[in-house]
Amino acid sequence: MVKFLHTADWQIGMKAAHTQDQAPVVRAARLKSAARVIELAREENVAFILVAGDTFEDAAVERSLIEQVAQILESSPVPVYLLPGNHDPLMPGGVWEHRVWKSLRNVQLMREPAPLVVDGAMLFPCPLFAKYGTANPTSWIAAKDRPEICIGLAHGTVQHAPQDCSDFPLPRNAAVLAGLDYLAIGHWHSTAIYETPAASGVMAYSGTHETTKFGERDSGNVLIVDIPSRGAPPILRRVRTGVLDWQTWDVLLQTEGDLGVFANRIAQLFQPQQMLVECRLQGLLSTSSRPQLASIIEQAQRSLLLAKFDATALHAPPEDDAWLDQVPAGVLRDTSELLRAQAIAAGASKSRDAVVAERALLELFRLLQDAER
Amino acid sequence: MMIRSIRLSSWKTFAHPVELTELAPGINVIHGENGAGKSTVVGALVRAAFENHSSDSESTRSLAPWGRSLGPSVQLEVDVGASRYRVEKQFLVQKRAALLRFDKQVWEPIAEGKLADQKIRELFQGDAGEKTTSSPQHWGISQLLWAPQQQLAVTHVSASTIDSLRSSLESQMADPTTAAVQKACDTIYSKSFSPTGKLKSGANAPAVVGFENELAAVQAEATTFRAKLASYDELSQRIQRFREAQSRSQGELKQLRDRQAALSSTVDRYVTLLAQKQQQESAVKLASTEFKQIEATILAIQQCRQQLAIQREQLSAAEAKLPVIEQQMNDAQASEVKLSEKLRLARDERVKASDAGQSHVDAATYLRLEQSCRDQQQAIDEASAADARVRELTKQLAELPQPEAKSIDELDRQLRQLEQLEMQLESSLVRLEVTAEQSIDVEAITADDLAGKQLAAGETQIWRGSPQVAIRLPGIATLRVRGPATSAADLRVKIAALQQTAGELEAKLGSRNPTSLRASAEHAANVVREIASTKSKLQSLLRGDSLANAQTALARDQAAAKAILAKYPEWSSSVPDPKQLEQTWLESKQKLDREIIEIEAQHRSSVQLSSQLKQQLAVLESEKKTLASSLESKTQELAKLVADGTTDAVRETRKEDLMLAWALAKKQLADATQQLEDLGTDPRGELATIDQKVSMLSSEERQIENDLLVATTQLESLASESVYSRLAQCEERAASLESRIEEERIKLDAIKLLRQTMQQQQAQMLRTLAAPIASRALDILRRIGLSKVSSLAIGDNFLLRGVVPEQLSAEVETSVLSSGEQEQVHLSIRLAMAQLVAKSERQVLVLDDVLVATDARRLAAIKTILRELSEQFQILLLTCHADRYADMAEAKLFDLPILAKAHSYAGG
């Protein structure tokens with residue numbers, strides 16, 4: 001029997017342009033979550049930790065980050081087996097050439113595809129030596145006839161998985177083909193388990209330990225893997241390690257009351273400073289309610305770690321033309337009608353012109369209000 | 001506003017003060033002939049209202065009347081609303097400006113100097129500012145109300161006046177809210193945009209400019225880091241390749257070095273065996289040489305002894321044959337000498353015969369020269385005669401007159417014409433023939449001959465003349481005879497002209513008689529033809545050469561004939577026969593040739609025999625010498641061969657011993673060769689190749705190591721820069737900036753769009769507002785009676801763009817209209833605009849001689865309109881046709897010359 005922790009894709013040092021000014025916070029959170037993974041290994045009393053590639057985002061990340069990661073890994077109470085992935089392959093000048101890796105006791109870098117005896121099992125590591133490759137990295141493994149529990153450690157794209165590339169392809173039944181009880185893999189940031197019907201041998205993506213962007217379905221986890229014996233099905237348990245909460249909201253505003261509900265939702269968020277929200281506003285909102293929305297957005301941007309709003313699909317209700325009737329006849333009335341027509345015409349193609357025309361209309365509304373005050 | 005009085009002093013033509021007082025609030029007609037000073041009054045009005053008193057411009061300086069030192073001054077009194085003002089300005093000398101208000105029966109100063117200039121301009125609603133304002137574009141609304149002479153058309157409307165027009169037009173439609181929104185929008189816009197619509201820069205630049213600048217810098221930095229990151233990857237791959245190459249190189253080197261070690265021992269064994277083989281080869285060679293040497297010595301001794309015997313026999317035979325051949329050669333040489341002498345004699349004879357053969361050639365030449373000299377002499381004689389004839393004829397021709405046929409014909413034609421004219425003259429003359437019955441005096445009054453005549457009784461005298469002849473018989477009568485209308489004078493002129501040209505031709509031709517002139521011309525032509533014919537003959541005789549050359553050739557031939565005759569004097573008495581001479585010479589020559597050929601053949605045989613014998617003798621002597629020499633050398637050779645001091649038997653024994661030693665050496669060499677063959681091919685070549693490869697690979701390995709070191713150093717340097725992390729920071733900052741820029745841009749674009757849309761709408765509205773001006777002007781035109789214009793096109797700048805004639809639907813330029821119609825169109829527009837800008841306040845309308853081309857009917861209509869307008873305007877009409885406005889009873893008339901004169905008297 002063997003119990004271990006499977007993690008991958010820490011992507012330390014990754015760029016986070018999509019998080020605008022919060023990128024340093026997002027990067028720091030990944031280190032914090034890495035420490036959380038080590039802590040979890042201690043709590044779970046696992047025999048070892050497998051890191052299935054892409055520990056680092058790139059070979060040229062800041063050298064201090066390498067030292068910080070090494071320090072976190074070295075704090076592990078159990079051995080850590082590190083696999084070079086496609087983002088951090090074993091290449092000259094890569095992160096693995098840093099001197100820090102030579103001085104660690106608990107951390108072992110998988111430098112070659114050769115079986116390795118680990119606590120309670122035989123480990124078949126498949127390190128990557130380049131950023132791109134079209135060969136199955138597990139093809140060398142032949143563990144069918146081995147009596148001990150056999151575990152593979154690899155990094156690649158499961159064929160037919162919803163990935164946008166096919167680097168280092170892995171067959172869906174790679175674990176079965178190689179005769180492995182479990183194949184720990186990395187590359188895809190969401191947790192995913194691949195079982196082959198009527199055959200022992202499971203392959204799984206643990207997913208990244210900390211979500212990297214909006215839209216990742218099931219990331220921010222590690223897997224605790226329990227293999228009772230050679231040939232027995234592994235028992236997998238998903239444990240959340242992510243610090244940050246990335247949420248994508250589609251908010252539909254239909255009545256004046258919806259805006260209040262939306263405001264309450266934001267006000268009642270738990271730990272908003274660890275939350276990143278991407279919010280698409282749709283529906284109808286009267287011009288007179290726009291200032292209130294602006295206030296809510298401002299409040300959200302103050303309280304949340306990151307709040308991105310897209311209101312291009314939010315339009316004024318048809319009855320909202322009422323204020324246009326109040327515009328003095330003449331230049332202003334004609335101007336407002338023309339801008340309204342431009343906003344509607346351009347809005348059909350969701351172009352920038354529509355946004356500008358609508359903003360101009362709002363500006364006219366504001367100036368009118370100021371003038372009448 | 002209403003002008004109450006205008007007073008000018010020292011102003012252009014008005015050296016003395018002139019004053020127009022108590023101007024009517026309605027129509028005022030100020031008249032005077034051209035140069036009376038009407039436009040001067042208008043000019044003074046303009047300067048009083050708009051010009052700075054301190055102006056020193058050229059036009060201002062031109063205001064001063066000639067010879068006056070006083071500064072030109074103007075004074076106006078005007079009513080504005082309920083107040084009365086006085087405007088005073090003096091230019092050039094003691095410059096001053098003052099604005100006063102009549103308050104409580106006293107003129108109170110309001111402003112003086114520059115301030116007064118400014119206040120006065122405001123009073124007249126002119127443009128603010130201190131610049132010169134003499135140009136209509138600075139007159140404010142007065143540029144529409146005041147039309148100086150020849151400037152009726154409105155050609156420029158200043159921005160302030162357009163504003164005034166617009167405000168007047170918009171006043172019905174604009175409201176405070178719109179104005180406030182527009183102003184607020186303008187304020188927001190102007191915070192970020194310059195007047196040209198570009199984003200502001202520098203300290204006042206909007207935030208987006210700063211963001212964009214920062215973005216550009218960040219993007220540039222990111223580009224640098226991307227390049228470095230690419231270098232990082234490239235270096236990494238390069239190092240990987242170096243490492244692989246190094247590994248391969250090291251593997252190959254190891255294999256080569258192993259092979260190198262194995263080959264070295266093989267090469268050692270090979271070299272040893274090779275040395276042994278070479279040693280045996282030397283032994284075989286030595287044994288072989290020694291055996292062959294002794295064998296050759298024995299053979300040479302035998303051969304030498306045989307050759308000595310043969311050569312001795314040959315020498316004896318040669319010595320016996322030598323005297324016989326010497327005798328034969330002497331005989332042959334004696335015969336050769338005799339034949340040579342005989343041949344020489346025969347050849348001398350042939351030379352003599354050859355000289356004799358020249359006589360028949362000389363005889364033929366002599367005869368040819370004799371004939372030639374005779375022919376040439378005859379030709380030269382004829383040619384000399386022809387040459388003399390040509391010279392004679394040429395001289396004759398030079399002396400002969402040679403009139404041209406064309407000139408003769410012209411003279412003939414003119415003489416005939418002259419004759420005809422003289423006949424016509426004669427027939428055109430009136431003749432008065434008087435036959436006196438008693439002695440009378442006759443005075444010719446009109447006749448060709450005006451000399452007085454005294455006719456005796458019975459004497460007849462004829463007077464000619466044309467067209468009449470008149471004579472007076474004193475105390476009796478005056479007789480006048482008129483003839484036909486033919487003009488004898490014309491004929492005389494023609495005759496005189498013809499006589500002159502005929503005279504000129506006569507002078508040129510030398511005669512007036514065409515017949516004799518034609519005979520002269522014919523004679524000259526005959527002489528010319530004879531000259532040509534004689535010259536042709538001369539050329540034929542001399543065959544194109546000159547006479548002198550012909551004479552020279554004759555002399556040369558005569559000399560040649562004389563020379564031949566000197567050689568053969570007998571030919572002077574008897575003529576030689578060249579054919580006979582030639583026959584004799586040929587026969588003699590053939591006989592001699594045959595003899596010489598025969599002697600030559602005998603001589604050649606003798607020479608040949610002698611030569612053969614000589615050669616035989618030489619060969620024989622040479623053989624004798626050779627044999628003697630060979631005998632000597634063979635004897636010496638034999639002595640050397642047998643000089644070893646042994647016998648032939650001893651030599652034979654030695655030969656057999658050496659043959660056995662040679663066989664043994666060959667056996668040992670075969671053994672050594674077999675051992676080498678057992679080792680295979682020569683291993684030294686392969687070893688050398690491997691040594692070379694090892695050296696090359698070692699060098700390559702060192703190079704790879706160096707390259708690896710360089711690349712690793714570079715990579716480490718890049719790694720220390722954390723290029724990925726730095727790039728990530730740049731891209732994150734860029735994304736953040738792009739987001740902010742887009743937000744800011746949308747805000748700015750929105751305000752720009754709002755302002756632009758408002759301006760467009762405003763412009764659109766103004767275009768519709770300009771329509772009433774056109775409509776009002778068109779109404780005025782209809783009332784004037786100009787119906788051919790169906791509409792007027794007025795542009796955004798409120799200027800007339802064109803007219804649309806009734807027949808056409810298209811817009812055309814006003815130049816298609818007559819001058820009168822053009823001034824009526826311009827007047828209509830000016831009046832329409834004036835009504836708009838005047839609003840409810842009374843304004844002054846000045847029209848300086850603007851209706852100069854308008855007919856009386858339309859002028860009457862215009863006067864009616866002006867009467868109506870006088871309810872709203874004070875009208876100053878300046879004209880030089882006072883009578884045209886005499887029917888305007890309500891108008892106040894000002895006779896400018898009278899006013900000027902009155903003040904002049906007052907001043908005087």
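**How chain A meets chain B**

Me: How many salt bridges does the rule find across the interface of chain A and chain B?
Reply: Happy to help; keep in mind that this is a predicted model. One salt bridge joins B:Arg740 to A:Asp21, with their closest N and O atoms 2.7 Å apart, inside the 4 Å cut-off. Across the whole interface of chain A and chain B, the rule's count of salt bridges is 9.

Me: Which helix gives the most to the side of chain A that touches chain B?
Reply: Besides salt bridges, the interface has 19 residue pairs in polar contact. On the chain A side, the elements giving two or more residues are helix H1 (23-44), helix H2 (63-74), helix H7 (331-347) and helix H8 (352-372). With 13 residues, the one that gives the most is H8(A).

Me: What area is buried between chain A and chain B?
Reply: Good one! The contact draws 45 residues from chain A and 48 residues from chain B. On chain A, the three residues A:Lys15, A:Pro92 and A:Val331 supply 17% of the area this chain buries against chain B, more than any other three. Carbon and sulfur atoms give 62% of the area buried between the two chains, which is about 3700 Å².

Me: Which residue with a positive phi follows H3(B)?
Reply: Let's look at the helix itself. Helix H3 of chain B covers residues 113-123, and its buried residues include B:Ala116, B:Ile120 and B:Leu123. The buried residues of H3(B) pack against helix H1 (38-50) and strands including S4 (73-80) and S5 (83-90) of chain B. After H3(B), with phi near 60°, comes B:Gln125.

Key: Residues numbered from 1 in each chain as written. Chains lettered and ligands numbered in written order. Predicted model: local features only at pLDDT ≥ 70, side-chain atom pairs only at ≥ 80, totals over all residues. Heavy atoms only, no water. Contact = heavy atoms within 4.5 Å. Buried area = accessible area lost by both parts, 1.4 Å probe. Salt bridge = Lys/Arg side-chain N within 4 Å of Asp/Glu carboxyl O. Polar contact = N/O pair within 3.5 Å; in protein donor to acceptor, adjacent residues only side chain to side chain. Helix = DSSP H or I, 4+ residues; strand = E, 2+ residues; numbered from the N terminus. Buried < 20%, exposed > 50% of the residue type's maximum accessible area, 1.4 Å probe, protein only.
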